[in-house]
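Q: I am a first-year student, and I would like a close look at a single part of this protein. Please take me slowly through the annotated histidines and what surrounds them.

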Amino acid sequence: MGNLKLKGKDILKIGYPNNQSVNIALEVMKRNFATKNIHHVKSLLKEILQNPEIFEKDLTFGQIAEALLSSKKTEKRMLNTNRATFNIFGDNISDEAKNQLYTALKLPIATQGALMPDAHSGYGLPIGGVLAVENAVIPYGVGMDIGCRMSLSILDTPISYLDGARDKYEKALAEHTKFGMYETHKSHIDHEIFYRDTFDMIPILRRLKGKAIKQMGSSGGGNHFVEFGEVEITEGDEQIGLPKGKYLGILSHSGSRGLGAEIAQYYSRVAVEQCPLPKEAQQFAWLDLGTHLGLEYWTAMNLAGDYASACHDDIHRRLVKAVGGRVKAKIENHHNFAWKEIHNGKEVIVHRKGATPANENELGMIPGSMTAKGFIVRGKGNPDSLNSASHGAGRAHSRGECRSLFTQNDIKKELKLKNVTLMGGNTEEAPMAYKDINEVMNAQSELVDILGTFQPRIVRMDR
């Protein structure tokens, strides 16, 4: 934690009560002032002790002030006997995924939940799980890849170019996209997001800023992708602003990279310490939004979401520059996020872990697989799903199952059948790993209207 030789007894000598405030003060000061003079640190701690009310909303010292103003013991929270109200869309959903939602619905803060038709089990809240709670945020309810999102750019380039100049598009993906933990671009844009005060106000963000700059415009591993494909607008729509017809499109799926992952890991651990729950519900530990830590996570989560969006913009910018054409329309949406929304006349925090926001008239993109069509949709704002829809087809087989069930040869046959070129990818992401996207879409006809499709043609994934 640095060179600061501060001890608990030093803090007690200043006059701090012998409770949790000492440990919190020790951690905060070592985290933020590791290289500072101990006398300077002690004088800051005295100031906070004398007037904790002044520091309560401070993003650096608020946690210490809060501990001084409230010396409540951390008590184990119990689950409710009954579940909050919920709806399940679709039939092809495992009992494990359902049971994960059922546990979440017993949290004392839960008000409503839903499972999307692409749902499958995950850590804490299932993938495809939606949960509304009162004045709190659950880091594991958001997920480890904060702000993971879909982004579709529709270009004015004739669709025939995809076959006629296929080599050019493959080369663009090979040279201008980066995947996994280690690939990064040599040059970086000077994006406005890196000038935000938030990066300096929260210690973990300050530490991660360099990594975020380095990873800008890159994509993760696993099921993340960047692809060129064929967009077909089947319903003329003012929001999209394009007539019916076929267009060349760029579709990307990725999140907030190392920035989001480390924010998620840190605050998930802190939530578990702050909010003890029965063993089966421990991953639903929450942070109260009325506390310093809750506010800190909320601020960090929103920054990670904006960073994920900026990464997609950079990916699309690089590719359009490489292949030419102009962007005529853009459709994008987060999943793995939490939003403040009004439901049943009351403000709640809605967690969508692998679920697409589908508010009334909100546009979204729901992909299929590396060979199956995805769908451009418009939300219906259905309250039964908390205004949500699926974020994809959803896994039919786990990654482990895929490694033993499918071979590279199986994938090659499927790619050839659908006229798709794959760069990278592995058996864990085989087209056969996913549910039938058409069945998933049929199960959510009450949640979204279909305006068009996206057929992948050249797909790039991590190796």
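A: What follows is a walk through the annotated residues, and then a short look at the rest of the fold.

The model is predicted, so local features are used only where pLDDT is at least 70 and side-chain atom pairs only at pLDDT 80 or more, while totals for chains, interfaces and linings use all residues. Residues are numbered from 1 along each chain as its sequence is written, and side-chain values use heavy atoms, with hydrogens and water left out.

An unreviewed UniProt entry lists His-253 and His-335 under "binding site". The two span 83 residues in sequence, yet their C-alpha atoms are no more than 10.4 Å apart, so they gather at one spot. Such positions are given in the numbering used here, with shortened feature names, and annotations may be inferred rather than shown by experiment.

His-253 lies in strand β7, which covers residues 245–254; strands (E, at least two residues) and helices (H or I, at least four) are DSSP runs numbered from the N terminus. His-253 counts as buried because its relative accessibility is 6%, where buried means under 20% relative accessible area, exposed over 50%, and partly exposed in between, with a 1.4 Å probe and protein chains only. Leaving out residues up to four places away in sequence, His-253 touches Cys-148, Arg-149, Met-150, Asn-223, His-224, Phe-225, His-312 and His-335, a contact being heavy atoms within 4.5 Å. In addition, a polar atom of the His-253 side chain lies 3.1 Å from the backbone oxygen of Asn-223.

His-335 is found in the loop between β9 (327–334) and β10 (337–343), and at 2% relative accessibility this histidine is also buried. Beyond its neighbours within four places in sequence, His-335 is in contact with residues including Cys-148, Arg-149, Met-150 and His-253, and Cys-148, Arg-149 and Met-150 are likewise among the residues that His-253 touches. The contacts of His-335 also include His-391, which brings us to the next annotation.

The unreviewed UniProt entry gives His-391 as "active site". His-391 sits in the loop between β15 (388–390) and α14 (399–405), and is buried, with a relative accessible area of 14%. Its contacts, apart from neighbours within four places in sequence, include Asp-118, Ile-127, His-335, Gly-354 and Ala-355. Of these, Gly-354 and Ala-355 are also in contact with His-335. The side chains of His-391 and Asp-118 make a polar contact at 2.8 Å, meaning a pair of N or O atoms within 3.5 Å; within protein, one atom must be able to donate a hydrogen and the other to accept it, and residues adjacent in sequence count only if both atoms are side-chain atoms.

Turning to the interior, the largest nonpolar core has 60 residues, of which Leu-107, Ile-263 and Tyr-267 touch the most other members. A nonpolar core is a set of buried Ala, Val, Leu, Ile, Met, Phe, Trp, Tyr and Cys residues joined through side-chain atoms within 4.5 Å. The elements that each supply at least two residues of this core include β2 (110–120), β3 (127–133), α12 (257–274), α13 (292–323) and β10, and α13 gives the most, with 10 residues. Apart from this core lies another of 48 residues, among them Ile-154, Val-350, Leu-415 and Ala-433.
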